[in-house]
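Work through the exercises below with the sequence and the coordinates at hand. Each task is followed by a stepwise solution.

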Amino acid sequence: MATITLRPSADGTTTGWTRFVATGTFAARIVDDPDSHDGDVSYVEGPNVANGQMWVELDDVPADFDPANITDITIKAAAKKVNVASQAVDLSDLFLQLQRANETTDITVESTVCNVTDTVNYVLFTRTVALSGTHTVADWNGARLRLRQVHTAQQMADTINQVRITAAEVTVTYTPAVA
């Protein structure tokens, strides 16, 4: 068995999302290890009081990677909620998924919901996701991590309500291909 960690390496589509620090790539803002991230030093934020999604390209897989012999795929993200409530606090949910470079073909199913509620500390969300379909090494090279924010208003919509992500990664366990 072998285990690889794939981290953000380049931007995909990021419409409606913002980054801090505002220069450089979105991927560079969330490339940290989610277990030991940099907090509010760098991050991305979803659209304010709205649904939205963004993609970041991940590192390429190693030469011995065998997509037919994957035993586990885990996606991690360190996230918190940014919120100024109007009445009842709106809901902010985060979903995680791997897709091919075209940002439409699923490599994995979407994760179960990450209920982002903490507004002070980043919470580590770890989700094991199932493979969806058959994919080649070429599909995995250039794969995108999809981060999807779902906003649900409670009573009157909040003034500010969005998910802030400071780090994300994908870990894949597989049996290496025989050379």
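**Exercise 1.** Classify E103 as buried or exposed, then describe its backbone and its place in the chain.

Solution. Step 1: E103 has a relative accessibility of 13%, so it counts as buried (buried is under 20% relative accessible area, exposed over 50%, partly exposed in between, with a 1.4 Å probe and protein chains only). Step 2: the phi of E103 is positive, about 65°, although the residue is not a glycine. Step 3: E103 sits in the loop between β7 (91-99) and β8 (114-115); strands are DSSP runs of E with at least two residues, helices are runs of H or I with at least four, and both are numbered from the N terminus.

The model is predicted: local features need pLDDT of at least 70, side-chain atom pairs count only at pLDDT 80 or more, and totals for chains, interfaces and linings use all residues. Residues are numbered from 1 along each chain as its sequence is written, and side-chain values use heavy atoms, with hydrogens and water left out.

**Exercise 2.** Find what is unusual in the backbone at V49 and at the bond between F20 and V21.

Solution. Step 1: recall that most residues other than glycine have a negative phi, and that most peptide bonds are trans. Step 2: V49 is not a glycine, yet its phi is positive at about 50°. Step 3: V49 belongs to the loop between β4 (43-45) and β5 (52-58), and it counts as partly exposed because its relative accessibility is 23%. Step 4: the peptide bond between F20 and V21 is cis, with omega about 5°. Step 5: V21 is located in the loop between β3 (18-20) and α1 (26-29).

**Exercise 3.** In which order do the five strands of the open sheet run, and which are the edge strands?

Solution. Step 1: the order is β2-β5-β10-β7-β8, with antiparallel pairing; two strands pair if DSSP finds at least two bridges between them. Step 2: β2 (8-11) and β8 each pair on one side only, which makes them the edge strands. Step 3: three antiparallel bridges link β2 with β5. Step 4: D11 has V56 in β5 as its bridge partner.

**Exercise 4.** Count the helices and strands of the protein chain and judge its compactness.

Solution. Step 1: there are two helices and 11 strands. Step 2: the radius of gyration, taken over C-alpha atoms, is compared with the globule rule, 2.2 Å times the number of residues to the power 0.38. Step 3: the chain gives 16 Å, close to the 16 Å of the rule for 179 residues, so it is as compact as a globular protein of that length. Step 4: 48% of the 179 residues count as buried.
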